[in-house]
Amino acid sequence: MGSVNETMFELTFLGTAASTPSAERGLPALLVGAGRRRFLIDCGEGTQRQLLRAGTGFRRLGHILLTHAHLDHVLGIGGLIATLGLFDVRNPLSICGSGETIRFIERYLASLYPLPRAPVPLQLVELQPGPVLSSGEFTLTCFPVRHRGTESLGFRFDTKQRRHVRADRLVALGVPPGPLRAQLAAGETVVLSDGRAIEPGAVLGPPAAGISLAVVGDAEEVESLVAPVSGADALVIEATFLEEDSALAAERGHLTAAQAGHLAAAAKVGALYLTHISGRYDPAAVAAEAARFFANVSVVNDFDRMTVAAPSHQAVRNP
């Protein structure tokens with residue numbers, strides 16, 4: 001039998017370049033599917049085209065989560081909104097970020113069109129570190145990230161704890177296949193044809209840890225990030241520089257691949273996905289540097305797809 005909660009996280013990397021795009025890499029954007037919801041984290045220029053090229057389309061995109069207000073992470077919002085209007089996608093869109101980020105977005109969008117007359121219904125949401133939303137399947141929280149004096153945020157998705165239905169208990173208690181088993185799996189008490197009431201606790205195993213995903217945009221240090229990303233089944237984070245250029249990384253407020261590897265090891269995450277890749281380096285060298293400290297590491301490319309699913313610490317690259 002399945003579990004009460006089978007939510008997993010589907011990742012589609014839409015833009016994996018650092019500050020400037022290349023022929024192979026677009027500017028930062030990551031699509032996260034969680035249950036029936038879809039979240040776009042950052043929206044670099046050309047993200048609407050990347051969504052089309054990835055074959056994901058625009059339906060069910062309800063939130064844009066912005067890590068910070070630097071142009072390479074936000075400038076694609078205007079084009080995306082215009083495209084949504086032209087494609088007649090009219091579902092409401094919430095644009096979420098720190099106060100500083102949302103104030104920038106307000107000015108940016110006001111220069112394009114008055115917000116009440118935007119092509120799609122928009123809501124601008126200022127976030128404080130802490131809970132963002134909670135559904136029956138997962139929670140979304142945000143946490144502060146240090147990056148060049150900005151009000152930057154990272155995001156963490158966590159599914160609720162799962163309890164698996166024990167098939168042997170179903171048989172022993174005489175619960176027939178069908179809707180009654182589904183009700184028990186959903187945590188409901190059922191009554192059998194002989195009048196016996198069966199409570200979910202009689203057939204459900206002990207709670208198992210949920211699934212978690214942490215996403216960090218640009219960052220200048222990792223010590224403050226260990227706690228908020230701790231134990232995540234997958235961590236997505238930048239690796240703009242190699243350690244040989246650590247002084248330049250510090251000057252520009254970015255991480256080296258070594259720092260990202262250190263963070264993954266210290267936080268005991270399941271898998272490390274490196275993005276925000278500079279064209280000055282061979283991606284294999286970026287992966288190798290991080291792998292000195294954390295083995296399960298990948299440098300992602302545009303249009304890579306990953307699934308973060310149970311059991312704990314399992315992240316799978318999709319073909």
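Me: Contact here means heavy atoms within 4.5 Å. What covers the buried residues of H9?

Reply: Some ground rules come before the answer. This is a predicted model, in which local features need pLDDT of at least 70, side-chain atom pairs count only at pLDDT 80 or more, and totals for chains, interfaces and linings use all residues. Residues are numbered from 1 along each chain as its sequence is written, while side-chain values use heavy atoms and leave out hydrogens and water. Now the cover of H9: it includes helix H7 (226–229), strand E13 (234–238), E14 and H10.

Me: What makes something a helix or a strand here?

Reply: Both are DSSP runs numbered from the N terminus, with at least four residues for a helix (H or I) and at least two for a strand (E). Helix H9, for instance, spans residues 257–267. Just after H9 comes Lys268, with a positive phi of about 55 degrees.

Me: Why is His276 called buried?

Reply: Buried means under 20% relative accessible area (exposed is over 50%, partly exposed is in between, with a 1.4 Å probe and protein chains only). His276 has 3% relative accessibility, so it counts as buried. His276 sits in the loop between strand E14 (272–275) and helix H10 (283–291), and its phi is near 60 degrees, a positive value in a residue other than glycine. Arg148 isn't a glycine either, yet has a positive phi of about 50 degrees. Arg148 belongs to the loop between strand E8 (138–145) and strand E9 (152–159).

Me: Is Ser212 buried or exposed, and what is it in contact with?

Reply: Its relative accessible area is 4%, so Ser212 is buried. Ser212 is part of strand E12 (residues 212–215). Setting aside neighbours within four places in sequence, its contacts include Phe9, Arg156, Asp158, Ala234 and Val308.

Me: How do you know that strand E5 is mostly covered?

Reply: Five of the five residues of E5 (residues 93–97) are buried. In a regular strand the side chains alternate between the two faces of the sheet. From E5, Leu93, Ile95 and Gly97 point one way, Ser94 and Cys96 the other, and all are buried.

Me: What makes E4 and E5 a pair?

Reply: Two strands pair if DSSP finds at least two bridges between them. Strand E4 (residues 61–65) and E5 run parallel and are joined by three bridges, so by that rule they pair. Leu65 stands opposite Cys96 in E5. E5 also runs parallel to strand E6 (residues 122–126), with five bridges between them, and there Cys96 faces Val125.

Me: Which strands are the edges of the seven-strand sheet, and why are they called that?

Reply: The open sheet has the order E7-E8-E9-E12-E13-E14-E15, with mixed pairing. Strand E7 (130–134) and E15 are its edge strands, as each pairs on one side only. Twist from one strand to the next averages 20 degrees. Inside the sheet, E12 and E13 run parallel with three bridges, and Val215 has Val236 as its bridge partner in E13.

Me: What makes a group of residues a nonpolar core?

Reply: Such a core is a set of buried Ala, Val, Leu, Ile, Met, Phe, Trp, Tyr and Cys residues joined through side-chain atoms within 4.5 Å. The largest one has 32 residues, and Val216, Leu235, Ile237, Leu272, Leu274 and Val286 have the most contacts inside it. H9 gives the most to this core, with five residues. Apart from it lies another core, of 28 residues, among them Leu30, Cys96, Val236 and Val300.

Me: Why is H3 called oblique to H4?

Reply: Axes are lines fitted to C-alpha atoms, for helices over the stretch in contact, and angles run from 0 to 180 degrees between N-to-C directions. Under 35 degrees counts as roughly parallel, over 145 as roughly antiparallel, 65 to 115 as roughly perpendicular, and the rest as oblique. The axes of helix H3 (residues 77–86) and helix H4 (residues 99–110) come within 10 Å and cross at roughly 55 degrees. That makes H3 oblique to H4. Where they meet, Ile77, Gly78 and Ile81 in H3 face Ile105, Tyr108 and Leu109 in H4.
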